[in-house]
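Good morning, and thank you for joining this session. I should like to take you through one structure this morning, beginning with the empty spaces inside it and ending with the ligand.

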Amino acid sequence: MTAHPGGPPGEGVLAALTAEHRGRLMALARDVALPGSTRIFEEGEEADRFWIIRSGTVALDIHVPGRGRAVVETVGAGSLLGWSWLCPPRQWHLAAETREPVRAWEFDADAVQDLCAEDTALGLSLVTAVAETIGDRLRATRTRLLDLYGPPGPRGSGAAP
Amino acid sequence: MTSAPVPCRVVDRRDETHDTVTLVVEPAGDALDPFAPGQFAMLYAFGVGEIPVSVSRIEGGYRLAHTVRAVGAVSRALYGLRSGGWVGVRGPFGTAWDTAAAHGNDLLVIAGGIGLAPLRPLVDTVLADPRAFGRLNVLAGARTPADLLYTDEFPGWERPFGAVTVDRPSSGWTGRVGVVTTLLREARFTPSDTVAFVCGPEVMMRATARALIHRGVRPDRIQVSLERNMRCATGHCGHCQLGPLLLCRDGPVVRYDQAEPLLTVREL
Ligand SMILES: Cc1cc2nc3c(=O)[nH]c(=O)nc-3n(C[C@H](O)[C@H](O)[C@H](O)COP(=O)(O)OP(=O)(O)OC[C@H]3O[C@@H](n4cnc5c(N)ncnc54)[C@H](O)[C@@H]3O)c2cc1C
Ligand code: FES
């Protein structure tokens, strides 16, 4: 995707905002560089910030007793990392760890929520864009639950023959 | 097009995964008509039966590779063939990927599971003449890392962009996890100048096509490869009917603007 040359890929949260709203949001952004294998947040901790990934990938994992950490998804460039800050209980549902060096814009959730309260049009656009990301992930998760590529027949859905 | 199966010798056999094999076959006598990427053959396992299988590589016009996943009686018999074994081949059948439509455009080649097999000859075509096309993106999704096909060829597909993702990572897997559409974020293409080629389970193709359209790829620039039960493969028996299409003749490759209204048609 090259709709925003030099910036984040041209879709996702930032692309959904008008230039003015993007400018106001980006004024709160902090450019962060995280080495590979950095634990960014842990399940159950307070979700007080979020990130928009510029490069690299982050794995979302969950602790499974007896099996250790199971990766459930990876998110890469252009993606929103973290939406648990948006609604109570504002705790991370999953943990996140960088797979490789990551560059990202980091946003303080309180500051963004204050901005949204002050500029409700921006707030609506941002929440709509975040909801779209959540919707994407929900659809992706449901598709994965179908076990599409698995063996045909009752154990997996397979392709319609 | 041939009506009787042409006896072909298995000249190479390569295990791809625990249930999938690639067979390279060569006619014992006269060559078959040339296959184009996206077309399929009817492969006859002697004494067992005949099934449609896409061509997964076209070597010098006369050697064909077929990648077969063992799911039932015939595919299991084909899976069990060794080098030197015999298979009956009819074909070529069906429509091919419309590569001419992609000339000068960016390409998205998006595969789910064994859907990568019919797309591989298309990737070969693009790599053989890269200047005719824009940027190539090969995106592949599989159930687990052990189900990934052609892993040794993937490094060659990484320029300008290639990536794989799995639904269920095994321990030690350091690649991506998630459905294949999540790779679109990192792919390099200009949606208005992109042609997409998609093959995989139908639900995956629908989800992918919708994601592409949402990003600005026109429905008539998305090609999908559809599967229905086939028997004659010559447009006579009606087994492969999907709405007004007979998929052995009018498919398997169909443009999404034509396929989409039919994909919600329930099978009888
Ligand atoms: C145009 C076309 C191209 C194809 N290309 C390939 C290919 O390159 N490689 C390949 O391995 N297969 C390919 N197939 C699918 C292949 O034809 C079927 O897997 C095969 O017909 C199964 O026959 P069987 O006798 O082994 O199994 P059957 O006894 O007919 O079926 C065994 C089980 O598998 C299920 N099944 C049958 N077909 C499919 C299917 N297509 N998808 C999911 N489940 C199925 C059945 O419902 C049943 O549960 C293609 C199909 C079409 C129509
Ligand atoms: S398989 Fe007989 S009409 Fe298509």
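Which residues line the second largest cavity? Before I answer, let me state that this is a predicted model. The lining consists of Gly12(A), Val13(A), Ile52(A), Gly78(A), Ser79(A), Leu80(A), Thr133(A), Arg137(A) and Arg185(B). By class, these residues divide into three nonpolar, four polar and two charged. The space enclosed there comes to about 40 Å³.

How many cavities of 30 Å³ or more does a search of the whole structure find? The search finds two. The largest cavity holds about 60 Å³ of space. Its lining is made up of Ala111(B), Gly112(B), Gly113(B), Leu116(B), Ala140(B), Gly141(B), Ala142(B), Asp147(B), Leu148(B), Leu149(B), Phe154(B) and Val164(B). Eight of these lining residues are nonpolar, three are polar and one is charged. Two elements of chain B, strand 8 (106-112) and strand 9 (136-142), each supply at least two residues of that lining. Strand 9 of chain B gives the largest share, with three residues.

I turn now from cavities to a pocket. The second largest pocket contains about 880 Å³ of space. It is lined by 47 residues, and those closest to its centre are Asp136(A), Arg139(A), Thr181(B), Ala211(B) and Arg215(B). Which elements give two or more residues to this lining? From chain A they are strand 5 (68-75) and helix 3 (120-145), and from chain B they are strand 11 (176-177) and helix 4 (202-214). Helix 3 of chain A contributes the largest share, nine residues. By class, the lining of this pocket has 21 nonpolar, 13 polar and 13 charged residues.

Strand 5 of chain A also has a place in the next topic, strand pairing. Strand 4 of chain A, residues 58-64, pairs with strand 5 of chain A in the antiparallel sense, over seven bridges. Within this pairing, Val58(A) stands opposite Val75(A), and Ala59(A) has Thr74(A) as its bridge partner. The hairpin formed by strand 4 and strand 5 of chain A has three residues between the strands, and in this hairpin Gly66(A) takes a positive phi near 85 degrees.

Strand 4 of chain A has a further partner: strand 7 of chain A, residues 95-98, with which it pairs in the antiparallel sense over four bridges. What is the bridge partner of Val58(A) in strand 7 of chain A? It is Thr98(A). Val58(A) thus faces Val75(A) in strand 5 of chain A and is bridged to Thr98(A) in strand 7 of chain A.

A few points of backbone geometry deserve mention. In chain A, a cis peptide bond joins Pro88(A) and Pro89(A), with omega about 5 degrees. Pro89(A) lies in the loop between strand 6 (80-81) and strand 7 of chain A. In chain B, Gly251(B) and Pro252(B) are likewise joined by a cis peptide bond, with omega about 10 degrees. Pro252(B) is found in the loop between helix 5 (247-250) and strand 16 (253-255) of chain B. Finally, Ser37(A) has a positive phi of about 65 degrees, although it is not a glycine. This serine is in the loop between strand 1 (30-34) and strand 2 (39-41) of chain A.

Let me close with the ligand. Where does ligand 1 lie? It lies between chains A and B. There are 21 residues around ligand 1, and those that come nearest are Pro52(B), Thr67(B), Arg69(B), Ser75(B) and Glu227(B). Three of the residues just named bring polar atoms to ligand 1, and I shall take them in turn. A backbone N or O atom of Thr67(B) lies 2.8 Å from a nitrogen atom of the ligand. A polar backbone atom of Arg69(B) is 2.7 Å from a ligand oxygen atom. An N or O atom in the side chain of Glu227(B) is 2.3 Å from a nitrogen atom of the ligand.

Taken alone, ligand 1 exposes 900 Å², of which the protein buries 77%. In chain B, strand 4 (49-54), strand 6 (63-69) and helix 1 (73-79) are the elements that give two or more residues to the shell around ligand 1. Strand 4 of chain B gives the largest share, four residues. By class, the shell has 14 nonpolar, four polar and three charged residues.

Terms used: Residues are numbered from 1 along each chain as its sequence is written. Chains are lettered from A and ligands numbered from 1 in the order in which they are written. This is a predicted model: local features need pLDDT of at least 70, side-chain atom pairs count only at pLDDT 80 or more; totals for chains, interfaces and linings use all residues. Side-chain values use heavy atoms; hydrogens and water are left out. A residue is near a molecule or strand if one of its heavy atoms lies within 4 Å of it. A polar contact is a pair of N or O atoms within 3.5 Å; within protein, one must be able to donate a hydrogen and the other to accept it, and residues adjacent in sequence count only if both atoms are side-chain atoms. Accessible areas come from the Shrake-Rupley method with a 1.4 Å probe; for residues, only the protein chains shown count as cover. Ala, Val, Leu, Ile, Met, Phe, Trp, Tyr, Cys and Pro count as nonpolar, Asp, Glu, Lys and Arg as charged, and the others, Gly among them, as polar. On a 1 Å grid over the protein atoms alone, a cavity is a set of points where a 1.4 Å probe fits but cannot get out, and a pocket is an open set with protein on both sides within 12 Å along at least five of seven lines; lining residues have an atom within 4 Å of a point. Grid points are joined across faces, edges and corners, and a volume is the space filled by probe spheres set on the points. Two strands pair if DSSP finds at least two bridges between them.
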